[in-house]
Amino acid sequence: MEPMRVIATCYSRQWIRTAAQHLRSKTGTRAFCIRSNSPSPLCVIRGLSGLRSNSTVSSCWYSRTFSVSAKSRRCWSCHAEVSWSELFCPSCTTLQPPDESKDFFQILDCEKSFNVDTQELQRKYRNLQRLLHPDYFSQKSEHERSVSEKQSTLVNKAYNTLLSPLSRGIYLLSLCGITLKEGADDEVETQFLFEILELNEQLNDADTNAEIEEIGSFVQGQLISLTEDTREAFQQGDLQEAKILLAKMKYFSNIQDQVKKKMIP
Ligand SMILES: [Zn+2]
């Protein structure tokens, strides 16, 4: 993947976001280092191949000029100018449709990191949930009600994805163009698959809640330690390692689901 440099003649925070989004979709890169050449109105966006791997940038640069200038949009109801960051039109207070270019972290206004602060995530989510509560829209037009449903669905999806370490990790990888396939057997070593098979057999043979619980707590321990290792891998920008660890987490998480189902009430 080639690192790239973008030179623009005007910029704003929103512009940078839009251009960064554009780059992401074009190149599958996932981290951007932004530098503005003040006082001249130029900004440089770097597509990096690793979250922290600044060192990989210098070698092969190329320039490209974009003409993206989406600082704001028009309110669908009164046509006043609304910035992309605003949920409601400042003139007529109508709810605006979701910004398709935002990722889940941006939707919840949280740091794009595996290490996301889940309490902050919860706080931001509750706040949005309050603003988008169906009660506020019951007397509004059909269109605004449908906009609020779209917004609300998106916010819920973003929150549920980012809350659990497994889905957060998989999502973070997907933002970098890395997909974790269903039944990711080829990601993990054969020895690991044997261990999983054995664990599944143990669970099948378990007759009492005590036996099931023992397997459950072993699996829970494995998930905690894999989450820690995944955190470390993301911090070091080692996405391939993160991918393997997440594949393993997926196996343990499946067993955890079975444990819950098998518990005798
Ligand atoms: Zn308006």
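Visitor: What volume does the second largest pocket have?
Guide: Keep in mind that this is a predicted model. The pocket has 23 residues lining it, and those closest to its centre are Ser85, Lys102, Gln106, Ile107 and Leu128. As for the volume of the second largest pocket, the figure is about 450 Å³.

Visitor: Which helix gives the most to the lining of that second largest pocket?
Guide: Helix 2 (104-107), helix 3 (118-131) and helix 5 (142-163) each chip in with at least two lining residues. The top contributor among the elements supplies five residues, and that is helix 3.

Visitor: How many residues of this lining are charged?
Guide: Let's split the lining by residue type. Ten of its residues are nonpolar and five are polar. That leaves the charged group, which comes to eight.

Visitor: Which helix gives the most to the largest nonpolar core?
Guide: The largest nonpolar core holds 49 residues, and Leu108, Phe234 and Phe252 touch the most other members. Elements giving two or more residues to this core are helix 2, helix 3, helix 5, helix 6 (165-175), helix 7 (190-205), helix 8 (209-235) and helix 9 (239-262). With ten residues, the biggest share comes from helix 9.

Visitor: And between which domains does that core lie?
Guide: Look at where its residues come from. Two domains both give residues to the core, so it lies between them: domain 2 (72-163) and domain 3 (185-262).

Visitor: Which residue just after helix 6 takes a positive phi?
Guide: Helix 6 itself has buried residues, including Leu166, Arg168, Tyr171 and Leu175. Just past the end of helix 6, a phi of about 80° turns up at Gly177.

Visitor: Is His79 buried or exposed?
Guide: His79 sits in the loop between strand 5 (72-74) and strand 6 (81-83). It isn't a glycine, yet His79 has a positive phi of about 65°. Its relative accessibility is 53%, and the cut-off for this class is over 50%, so His79 counts as exposed.

Visitor: What is the relative accessible area of Asp109?
Guide: Asp109 is another non-glycine with a positive phi, here about 55°. You'll find Asp109 in the loop between helix 2 and helix 3. Asp109 is exposed, and its relative accessible area is 51%.

Visitor: How many disulfides does the count come to?
Guide: A pair needs its cysteine sulfur atoms within 2.5 Å to qualify. Among the cysteines, Cys78 is partly exposed at 32% relative accessibility, and Cys92 is partly exposed at 26%. By the distance rule, the number of disulfides is zero.

How values were computed. Residues are numbered from 1 along each chain as its sequence is written. This is a predicted model: local features need pLDDT of at least 70, side-chain atom pairs count only at pLDDT 80 or more; totals for chains, interfaces and linings use all residues. Side-chain values use heavy atoms; hydrogens and water are left out. On a 1 Å grid over the protein atoms alone, a cavity is a set of points where a 1.4 Å probe fits but cannot get out, and a pocket is an open set with protein on both sides within 12 Å along at least five of seven lines; lining residues have an atom within 4 Å of a point. Grid points are joined across faces, edges and corners, and a volume is the space filled by probe spheres set on the points. Helices (H or I, at least four residues) and strands (E, at least two) are DSSP runs, numbered from the N terminus. Ala, Val, Leu, Ile, Met, Phe, Trp, Tyr, Cys and Pro count as nonpolar, Asp, Glu, Lys and Arg as charged, and the others, Gly among them, as polar. Buried means under 20% relative accessible area, exposed over 50%, partly exposed in between (1.4 Å probe, protein chains only). A nonpolar core is a set of buried Ala, Val, Leu, Ile, Met, Phe, Trp, Tyr and Cys residues joined through side-chain atoms within 4.5 Å. Domain bounds come from an automatic or database domain assignment.
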